[in-house]
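The following exercises concern the overall architecture of a structure. Please attempt each task before reading its solution.

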Amino acid sequence: MPTAVPSALTIRTYQVGFGDCFLVTFHYPKQDRHVLIDCGTVSLPPTAGAASAYLTRVATQIAKDCGGKLAAVVATHRHRDHVSGFSVKNGKGPGRIIRDLKPEVVVQPWTEDPRAKVDATTPTEVTQLRGFQGSLDDISSVAAHAVATAGRLTRVVGSDSAAELAIVGMDNIKNPDAVKNLQTMSKRRTYVYFGSSSGLEEVLPGVATRIIGPPTLKQSKSILKEQGSNPAEYWQLRADFWSRQARAAKMSEARSGGGAGDGPLPWQTVRGSAMPLGTRWHRLRLLQEQAASHLNIVRTLDDQMNNTSVILLFTIKQSSFLFPGDAQYENWSYALSQSDVLEMLRKVTVYKVGHHGSRNATPKSMWKQLPVAAGKSAKRRLMTFLSTREGVYGQAKSKTEVPRATLLTALRDGSQLTNTEDFGKGVLSQAVQIKVT
Amino acid sequence: MRSFTILAQDPAVLLPGGRALTTQVWLPAERLRPGPKGHRVHVIDFDAAADRYRAPGTGDPTKDEFVGVEDIDRLVRNPHFHAQNVYAIVMSTLGEFEAALGRRVSWAFSPGHQLKVSPHAFAEANAYYSRALEGLAFGYFPSRDQTLVYTCLSRDVVAHETTHALIDALRSGFLRPSSADQAAFHEGFADIVALLSVFESIELVDVLLAHGAAGGSPLIAASELEPVKLRESVLLTLAEQMGETLTGVRDRALRASAQLVPSPHYLDQPVYDEPHTRGEILVAAVMNAFLEVWVKRLKPLRLTPRQPLNRRVVAEEGATAAQQLLRIAIRALDYCPPIDLSFDDFLSAALTADVELYPDDSKYHYRDSLLSNCRAFGIRPSVNRAGGGVWDPPLAQVSYEGLHFESLQRDPETVFRFLWENAAALDVDDGPYTRVTSVRPCMRVGTDQFTIRETVAEYVQTAQVWARELRQHGIRRPTEMPETQLVTLYGGGTLIFDEFGRLKYHVGKGLWSDRQSGRLQSLWDHGFYQGGEAAQSDFAQLHRDRVLQRRTLARERW
């Protein structure tokens, strides 16, 4: 008896501001099956109200849209704007609603595998260097410190930079209740990597699911070697870097009060504001440099966390559907070095735009493989989905704004774009049905 | 003059028995205020991480209270020693530059006179120079065992960051984004100065020799006095003693110098595009030259080839070799072009500067050692490759008509007129915007003990063109660069006048040359035209990128 194959897909894009939340419904002849890909936000539209209440509304809508049952949940990576909707506080919250939809499987990147702790002695199915997860935890600690200092730095760096510091920092802070909920909401959990099975095969018959990112450390090695780096040293240096940053951040936070003798250094100091006349200019300059440093560190750690994203490719018959989370080039590079992946990318019908349309997360070498319309008048075969919010991240003058204007133009010209920024006021979600050919 | 105690290297490099290894540096006996605050350096102990300030002590800052202290903890725990340590190392590095160049050096943020130095600027494993800060900032951080590590206590780190400030003072154009070599030069040269400064300390070299193959004996066997053996006993021993605590703050240049097998192919490999890694090649070449010269200096001291030598004498010869090479390297800056520097240019500049001051190099062959070791690492002189590699004197006859010798030594207007009158002879296009950026009279002492006067002047040219116009000037446009992109091209040159005001050398980088094609491609690949990039190097971030080995993939971005 032939396996049932979906005849169509519906992609629901939920308005979560700067975040991702997609429900993909596979329409089989006798039933529908639903996969939730991410649910989180760090910045909601102004009329949305409190995040927790709003995400509860979104979760309630998801429950309605999937008829009370999820086949699977995919949490592409641990950033808040992708997982805050899985939070459960005191047994309540959006995460509780999603948990009650009883997903049959939860898919996360291999970097979230709880068996792969820093001091793990038993190897998991994925070969990894000790300390990788530890460095993700260190990154979260550094992010928390950045958020804690953002308010103080507003007066020296201006509100735009301080806001970016706060929001990117916030995005990287550990979200323990969401993480725990994801780890326990289903009996089956898969921690995936390039080429691993997705865990979705049983719940989505007739659909080929392929994981093309993130690469494992072992897979990354081949790319690193190609670039002339020593992989062991590469990871060790990174782990040491974040470990030192985290220790320094922790030490800075440990200081108390503001009186004489306070501060992390073991000698008498006074408040900066009490500095002698001839040194005050230097104080302001150094505070500005320190704030700029914080921002650079936070951007760096944000990139590293983005690169743990699951890149998921569904293929049904001749159509492929690409969901890359927030993966940037470092994550993509292994996949793009594989000729069969390049071939698959040419068949992509749907592309969920990476990282809310930032300039780093739709690598041009990947974009060139997609069936982008050749001109404004050409038939637009490719459908793209962008969940974003303007004015939250980056600045146009430095060409770092998200979504990036040039990418937005390319998406509009070369594809049929669904953009949450185009949703009307109060619209909670938009559904697009796609026939499978 | 007045001497100050500093750590010979850092708190990890100790005398037997764990005693502090200190050394004395001699500095001008200037008036000092608490800080210390002198006429060139002001130590301000402000911690931006905590927004806290440590007031300097009330004692007399000219009095060195740390002479003969062997308890390393006493030095590490004393913030006044930290302040003295950075003040003395910065001043001593500045002194090295001024002595080598034969003139005062103004900081890049001129008209400011005092470099601000923060010994405990922030809680991070980092240290950097910033022109905007008009100073140096040194971080501190807890080690794994929660012991505080102070980057201001590492002589190589302090000398490295001071050198960034001094290169910027002498060649501000080197911070401008350009070729891979130019970015790498800032790092490599700062390492060369830092390491050779460290090896100038006889006490330190002596201890390293005692730790190494010589096994603590007052005599060293002749078999140990070969470059390959000294590389192990001195370079590697120091690298190992310095340990891993400051990995990421300091470069791996010392270890690389000890371990890199010479090969002319490194510079062509993609991994050596990264500034710090590329800089290691230059450092390895110079440090190998240092070892070679050191050995040459020891040969005349032995009556027979197998005669062992007194360890102290070996250390003294090593320290002298380090100082001589350091001065050759520093003097080279005056003979470098003001923009788009390559390693090859630097080598030609070093050879030329040394020939001018010490024509006779037959005793220890410093130049031969430098040349052969650079060649072994793929660095070849820019000119006269088959010969000595020195810059050519001007080929065409230049005119001095209407110029006055006195003003040519100090007046940018007069130097500009010289350029204007001789544009054709010097092959300088007088169309683009041209300005003379510095005129610096110098006085150096040659081997014959006579003073040599020179005047070093720099001019810079700029032209703004649309990308579509590049081809008509013989410059290739990066494939993906839009034709409507506005591009600024830089050219310029260094003019060296002799003591009679005659032009000795013109080290020029023409504005319209195919060299610009490579520069534009490199800038395009590194995202310079995509915004979000600093117009000048940001050393703080550069240091972090070095550790994380982040690669710029501008061509993948939007």
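A residue is buried if 20 or more other C-beta atoms lie within 10 Å of its own. The model under study is predicted.

**Exercise 1.** State what percentage of the residues of chain B count as buried, and give the corresponding value for chain A.

*Solution.* Begin with chain B: of its 558 residues, 52% count as buried. Turn next to chain A, where buried residues make up 53% of the 437 residues.

**Exercise 2.** Determine how many helices and strands each chain contains.

*Solution.* Chain A comprises 13 helices and 14 strands. For chain B the count is 15 helices and 17 strands.

**Exercise 3.** Explain whether the radius of gyration of chain A agrees or disagrees with that of a compact globule, and repeat the analysis for chain B.

*Solution.* A compact globule of 437 residues would have a radius of gyration near 22 Å; because chain A has 23 Å, its value agrees. The C-alpha atoms of chain A fill a box of roughly 85 × 50 × 45 Å along the principal axes. With 558 residues, the expectation for a compact globule is near 24 Å; chain B has 24 Å, and therefore agrees. The C-alpha trace of chain B spans about 70 × 60 × 50 Å along its principal axes.

**Exercise 4.** Consider the contacts with a separation of 6 or more, and find what share in each chain joins residues 24 or more positions apart.

*Solution.* In chain A, residues 24 or more positions apart account for 73% of these contacts. In chain B, the share for such residues is 70%.

Conventions
Residues are numbered from 1 along each chain as its sequence is written. Chains are lettered from A and ligands numbered from 1 in the order in which they are written. This is a predicted model: local features need pLDDT of at least 70, side-chain atom pairs count only at pLDDT 80 or more; totals for chains, interfaces and linings use all residues. Helices (H or I, at least four residues) and strands (E, at least two) are DSSP runs, numbered from the N terminus. The radius of gyration is taken over C-alpha atoms; the globule rule is 2.2 Å times the number of residues to the power 0.38. A residue is buried if 20 or more other C-beta atoms lie within 10 Å of its own, exposed if 12 or fewer, and partly exposed in between; C-beta atoms are placed from the backbone. Two residues are in contact if their C-beta atoms, placed from the backbone, lie within 7 Å.
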